[in-house]
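Welcome! Have a look at the model below, then work through the exercises at your own pace.

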Amino acid sequence: MSTRRGYLWLEFVSLFALLPLLLSFGYLPKWPIPFLIAVAGFAAYQLHQSKLFPNEWFTNWRDGRVHLADVLLRTSLLVTAIGATVWFWKPELLFSYVKQAPWLWLGLMIAYPILSVYPQELIFRAFFFHRYRPLFETQRMLIAASAVAFGFVHVIFGNWISVVLSTVGGVLFSFTYLRSRSLLLTSLEHALFGNFIFTIGLGQYFHHAGPLLGR
């Protein structure tokens, strides 16, 4: 194993396995947003320094616009399925955030896409695919690794629902990013899913305020 590959594996394990575990077990303060922004800053710096990553990809919407209709259609179908599942599975959860903490819900609708979604997509899509491509033999393996890493980081919320849903979302967002090379389109898709999750009543599985809302 080359020195470069060894360093990348060490960085990979530290960021996507060790850091979430330290947060999950309380060895670090459970402040996900500050840690997320710090890692996103590191990712943005590395991408900016790379001659192989065009800086326009940070804000590329031209290519994203081409795939917008497909993303919106797929999102509509999937959120309908998720909403129906919640209605049949746990109808008492429906719109629980909106009913019990409307101001918290409204704040999340505004802050989540900016403070959480874009940094996550910067890390788990743009940075991940650019930085760790040498570690995986095929694009399918790279997508799977990105999705698993994205799902695993949600162990900090202490439930399997957030991990499973995030892993599935990681696959979808990865395909969107690889097809469009648009962080903005991928972030839009992620934000639509995330805001729907919070609205439909599953937000308690993705937020440390969950216990306050009857979890």
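A residue counts as buried when its relative accessible area is under 20%, as exposed when it is over 50%, and as partly exposed in between. Keep in mind that this is a predicted model.

**Exercise 1.** Decide whether Y177 and F129 are buried or exposed, then classify their ring pair.

*Solution.* Start with accessibility. Y177 has a relative accessible area of 1%, so Y177 is buried. F129 also comes out at 1% and is buried. Next, look at the rings: their centres are 6.1 Å apart and their planes meet at 5 degrees, so F129 and Y177 form a stacked pair. Finally, place the two residues. F129 belongs to helix α6 and Y177 to helix α8 (residues 160-180), so this pair ties together parts 48 residues apart in sequence.

**Exercise 2.** Find how many aromatic pairs there are, and work out the geometry of the pair F124 and F150.

*Solution.* The count is 22 aromatic pairs. For F124 and F150, the ring centres lie 5.2 Å apart with the planes at 65 degrees; planes over 60 degrees apart count as edge-to-face, so that is the class of this pair. F124 sits in helix α6 (residues 102-131) and F150 in helix α7 (residues 139-152), so the pair links parts that are 26 residues apart in sequence. Now check burial: F124 has 4% relative accessibility and is buried, and F150, at 2%, is buried too. One more neighbour deserves a look: R125 lies over the face of F150, 4.7 Å from the ring centre.

**Exercise 3.** Explore the largest nonpolar core: which residues touch the most other members, and which element gives the most to this core?

*Solution.* The core has 54 residues, and F16, I123, F128, Y132 and L202 touch the most other members. Elements giving two or more residues include α1 (3-24), α2 (32-49) and α4 (68-89). The element that gives the most is α6, with 11 residues. To see one member in detail, select L202: leaving out residues up to four places away in sequence, L202 touches I82, V86, W89, L93, L165 and I197.

**Exercise 4.** Where are F95 and R181, and what are their phi values?

*Solution.* F95 is in the loop between α4 and α5 (96-100). Its phi is near 55 degrees, a positive value in a residue other than glycine. At 39% relative accessible area, F95 is partly exposed. R181 is in the loop between α8 and α9, and has a positive phi of about 55 degrees although it is not a glycine. With a relative accessible area of 22%, R181 is partly exposed.

Conventions. Residues are numbered from 1 along each chain as its sequence is written. This is a predicted model: local features need pLDDT of at least 70, side-chain atom pairs count only at pLDDT 80 or more; totals for chains, interfaces and linings use all residues. Side-chain values use heavy atoms; hydrogens and water are left out. Rings of Phe, Tyr and Trp (its six-membered ring) pair if their centres lie within 6.5 Å; planes under 30 degrees apart count as stacked, over 60 as edge-to-face and the rest as tilted. Helices (H or I, at least four residues) and strands (E, at least two) are DSSP runs, numbered from the N terminus. Buried means under 20% relative accessible area, exposed over 50%, partly exposed in between (1.4 Å probe, protein chains only). A charge sits over a ring if NZ of Lys or CZ of Arg is within 6 Å of the ring centre and within 35 degrees of the ring normal. A nonpolar core is a set of buried Ala, Val, Leu, Ile, Met, Phe, Trp, Tyr and Cys residues joined through side-chain atoms within 4.5 Å. Contact means heavy atoms within 4.5 Å.
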